[in-house]
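Please open the model in your viewer and keep the selection panel at hand. The tour below goes from the whole chain to single side chains, one selection at a time.

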Amino acid sequence: MDLLDASVALKRLSNFHCRYYGKKVIILLDAFILEFKVRDPQEENTLLDTAKDALRQIKEMRYAALLEEKGIAGDRIWCYGFAFEGKKVLIL
């Protein structure tokens, strides 16, 4: 994948996500997908629950599929869930 293909894929995925879900997912380079979530105490008991929910959302929304369609091997796609609560952060 060249840089142009990566930027087109990023724009397509970001526009889809923003338009339909109102949240941001950032894909850096060609192999990293990051999901950022702020802990909602009414929905999640711990930061770990929030980070796991971020990873679940990456899988459920199939963000990696777009990169795989562009020829990125699945074992080169790294997914990270970031959970925030005040100054605390947990990354899975």
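What is the mean pLDDT of the protein chain, and what percentage of its residues reach 70 or more? The model is a predicted one, and the mean pLDDT of its protein chain is 77, with 67% of the residues reaching 70 or more.

**The whole chain**

Colour the chain by pLDDT before selecting anything else. Among the elements, helix H1 (residues 3–21) has the lowest mean value, 50, whereas strand S4 (residues 88–91) has the highest, 94. Where pLDDT is low, the predicted coordinates should not be read in detail.

Now switch to a cartoon and follow the chain along its sequence. Three helices and four strands are present, and their order gives the pattern α-β-β-α-α-β-β. If you add a surface, the chain exposes about 6,200 Å², of which carbon and sulfur atoms supply 57%. Of the 92 residues in the chain, 36% are buried. Turning to contacts between residues at least 6 apart in sequence, 55% of them join residues at least 24 apart.

**The strands**

Select residues 32–38 and 78–85, which are strands S2 and S3; these two pair in the parallel sense over seven bridges. To find one position in this pairing, label Leu-34, whose bridge partner in S3 is Tyr-80.

Next, extend the selection to strand S4. S3 and S4 run antiparallel and are joined by four bridges, and here Phe-82 stands opposite Ile-91 in S4. The same two strands form a hairpin with two residues between them, and in the turn you will find Gly-86, which has a positive phi of about 60 degrees.

**Asp-53 and its partner**

Select Asp-53, which is found in helix H2 (residues 47–61), and show its side chain. Is Asp-53 buried or exposed? With a relative accessible area of 19%, Asp-53 counts as buried, because the cut-off for that class is under 20%.

If neighbours within four places in sequence are left aside, Asp-53 is in contact with Lys-37 and Glu-44. Show the side chain of Lys-37 as well: the two side chains, of Asp-53 and Lys-37, make a polar contact at 3.4 Å. Asp-53 also forms a salt bridge with Lys-37, in which the closest N and O atoms are 3.4 Å apart. Since Asp-53 lies in helix H2 and Lys-37 in strand S2, the pair ties together parts that are 16 residues apart in sequence. Lys-37 is itself buried, with a relative accessible area of 10%.

**The other salt bridges**

How many salt bridges does the count come to? The count comes to four, and two others are worth a selection here.

Select Glu-85 and Arg-39, which form a salt bridge with their closest N and O atoms 2.4 Å apart. Glu-85 lies in strand S3 and Arg-39 in the loop between S2 and H2, so this pair ties together parts that are 46 residues apart in sequence. As to accessibility, Glu-85 is partly exposed at 27% relative accessible area, whereas Arg-39 counts as buried at 16%.

Then return to helix H2 and select Glu-60 with Arg-56, whose closest N and O atoms are 2.8 Å apart in a further salt bridge. Both residues lie in H2, four residues apart, which is about one turn of the helix. Glu-60 is exposed, with a relative accessible area of 53%, while Arg-56 is partly exposed at 37%.

Keep Arg-56 and Glu-60 displayed and bring back Lys-37 and Asp-53, for these four residues are linked in a network of salt bridges.

**A last stop in helix H3**

Finally, select Leu-67 in helix H3 (residues 63–69). This leucine is buried, with a relative accessible area of 3%. Which distance in space separates Leu-67 from Phe-32, taken C-alpha to C-alpha? Leu-67 and Phe-32 are 9.7 Å apart by that path, although 35 residues separate them in sequence.

Definitions and conventions. Residues are numbered from 1 along each chain as its sequence is written. This is a predicted model: local features need pLDDT of at least 70, side-chain atom pairs count only at pLDDT 80 or more; totals for chains, interfaces and linings use all residues. Side-chain values use heavy atoms; hydrogens and water are left out. pLDDT is the predictor's confidence in each residue, from 0 to 100. Two strands pair if DSSP finds at least two bridges between them. A polar contact is a pair of N or O atoms within 3.5 Å; within protein, one must be able to donate a hydrogen and the other to accept it, and residues adjacent in sequence count only if both atoms are side-chain atoms. Contact means heavy atoms within 4.5 Å. A salt bridge is a side-chain nitrogen of Lys or Arg within 4 Å of a carboxyl oxygen of Asp or Glu. Buried means under 20% relative accessible area, exposed over 50%, partly exposed in between (1.4 Å probe, protein chains only). Accessible areas come from the Shrake-Rupley method with a 1.4 Å probe; for residues, only the protein chains shown count as cover.
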